[in-house]
Amino acid sequence: MKRNGFTLIEFLVGITMTAFVFIVATNLVIAFLKVDSKSQRSQELEQAKSDLTSELTNSLQWASTVDFSNGILTVDSNKYNAKSGQFLKNDTTLTGSKVVVSDFIVKRVFVVATRTAPSIGTGLLGSYFDNSDLTGLKATRIDPEINFVWGNTQPLPVVVGTGYSVRWEGQLAVPQTGQYSFFTDSNSGTRLWISNTQVINNWLGNGQAGHGTIALTKGKLVDIKLEYYNNHTSSKISFLWNGPGISTDIVPASNLYPEESQSGYQIDLNLSNADSPDTKDTISLFISPRIQTGQTIVTQ
């Protein structure tokens, strides 16, 4: 028998199903909007992270001078800092309004690596200190040979005053097996270690020449460390040797290999979204400036 219309039960069931579908659809839309909003916030942080990483890497990689003090990173003529949740370059904001930047930390990092087979030496790694007791590191550079007469001037502009010191480190190529003599000619004190053996201890030299001998084996690279301090108005330091077939002369760069290391900066930043503090990200970089001979990297 044909029936017209719906019974009350069927009508109520229909309304219930329609309401259920509406609720489910609404919740799906809300969930989608939340996911989309969260994704957008994450993308904002990812963009800020990419921009800051690129900026800092490009700036530091070819820097001549770097300094970090009082929360400000100075790279040559540019200044970077995090202030009031924004990251600034020369007082210009580099991050979007929704990105909050905090905990801007820069640390000097010095990583020593294992030396591979070298072809020819280039000198020793010199660390220059602002005090006569090898404290207050100001700069590092590769010195081809140790033969300086600085006189009344400082070895580097960043080294202030007459009380300074230098530590040269690396390895020495031994040309022939035999007994070698090493000499330091300086106005103040020197110390020399070769293959972890102290060869010269003239730390209170007051202008006296340092001298020591050691037996070395051909074909080996041996560790070498030379320390010097100045406490006079006129400074000089020379490093000489003699041995099998070698008359007394300055130790040449071709026999000196700088400490194979990476001297760089560890940079850490925290990022969050202003509309969603739980949406976070971090930047952690190690950047090693590509120092050329004669350039210096300044520390805080």
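A residue counts as partly exposed when its relative accessible area falls between the buried limit of under 20% and the exposed limit of over 50%. K236 comes out at 33% relative accessibility, so this lysine is partly exposed. Its salt-bridge partner, D185, is also partly exposed, because its relative accessible area is 31%. All of this is read from a predicted model.

Salt bridges make a handy place to start. Side chains of opposite charge can pair when their charged atoms come close. The structure has 7 salt bridges, and the one between D185 and K236 has an N to O distance of 3.6 Å. D185 belongs to strand β11 (residues 178-186) and K236 to strand β16 (residues 235-243), so their contact ties together parts that are 51 residues apart in sequence. Elsewhere, salt bridges with shared partners bring R167, R191 and E227 into one network.

Another salt bridge pairs K89 with E55, whose closest N and O atoms are 3.0 Å apart. Here a strand meets a helix: K89 is in strand β4 (residues 86-89) and E55 is in helix α1 (residues 8-61), so the pair ties together parts that lie 34 residues apart in sequence. K89 has a relative accessible area of 23%, so it is partly exposed. E55 is partly exposed too, because its relative accessibility is 21%.

What about D143 and R141? These two also form a salt bridge, with 2.7 Å between the closest N and O atoms. D143 has just 3% relative accessibility, so it counts as buried. R141 is at 13%, so it is buried as well.

Next come the strands. Strands of a sheet pair through backbone hydrogen bonds, either parallel or antiparallel. One open sheet in the model is built from 5 strands in the order β1-β2-β3-β4-β5, and the pairing is antiparallel. At its edges sit β1 (66-69) and β5 (92-93), each of which pairs on one side only. The antiparallel strands β1 and β2 (residues 72-75) are joined by 4 bridges. Within this pairing, F68 has L73 of β2 as its bridge partner.

Aromatic rings meet up as well, with a count of 13 aromatic pairs. W150 and Y164 are one example: their ring centres are 6.3 Å apart and their planes sit at 75 degrees, so the pair is edge-to-face. This contact links distant parts of the chain, with W150 in strand β9 (residues 147-151) and Y164 in strand β10 (residues 164-173), 14 residues apart. Both W150 and Y164 are buried. They also belong to a bigger picture, as ring pairs link Y128, F148, W150, Y164, W168 and Y228 into a cluster.

A further edge-to-face pair is made by W203 and Y229, with 4.8 Å from centre to centre and 65 degrees between the planes. W203 sits in the loop between β13 (197-202) and β14 (210-216), while Y229 is in strand β15 (residues 221-230), so this pair ties together parts that are 26 residues apart in sequence. Both W203 and Y229 are buried.

W203 has a charged partner too: R191 lies over the face of its ring, 3.8 Å from the ring centre. R191 is also a member of the salt-bridge network with R167 and E227. In a similar arrangement, K225 lies over the face of W193, at 4.5 Å from the ring centre.

Methods. Residues are numbered from 1 along each chain as its sequence is written. This is a predicted model: local features need pLDDT of at least 70, side-chain atom pairs count only at pLDDT 80 or more; totals for chains, interfaces and linings use all residues. Side-chain values use heavy atoms; hydrogens and water are left out. Two strands pair if DSSP finds at least two bridges between them. Helices (H or I, at least four residues) and strands (E, at least two) are DSSP runs, numbered from the N terminus. Rings of Phe, Tyr and Trp (its six-membered ring) pair if their centres lie within 6.5 Å; planes under 30 degrees apart count as stacked, over 60 as edge-to-face and the rest as tilted. Buried means under 20% relative accessible area, exposed over 50%, partly exposed in between (1.4 Å probe, protein chains only). A charge sits over a ring if NZ of Lys or CZ of Arg is within 6 Å of the ring centre and within 35 degrees of the ring normal. A salt bridge is a side-chain nitrogen of Lys or Arg within 4 Å of a carboxyl oxygen of Asp or Glu.
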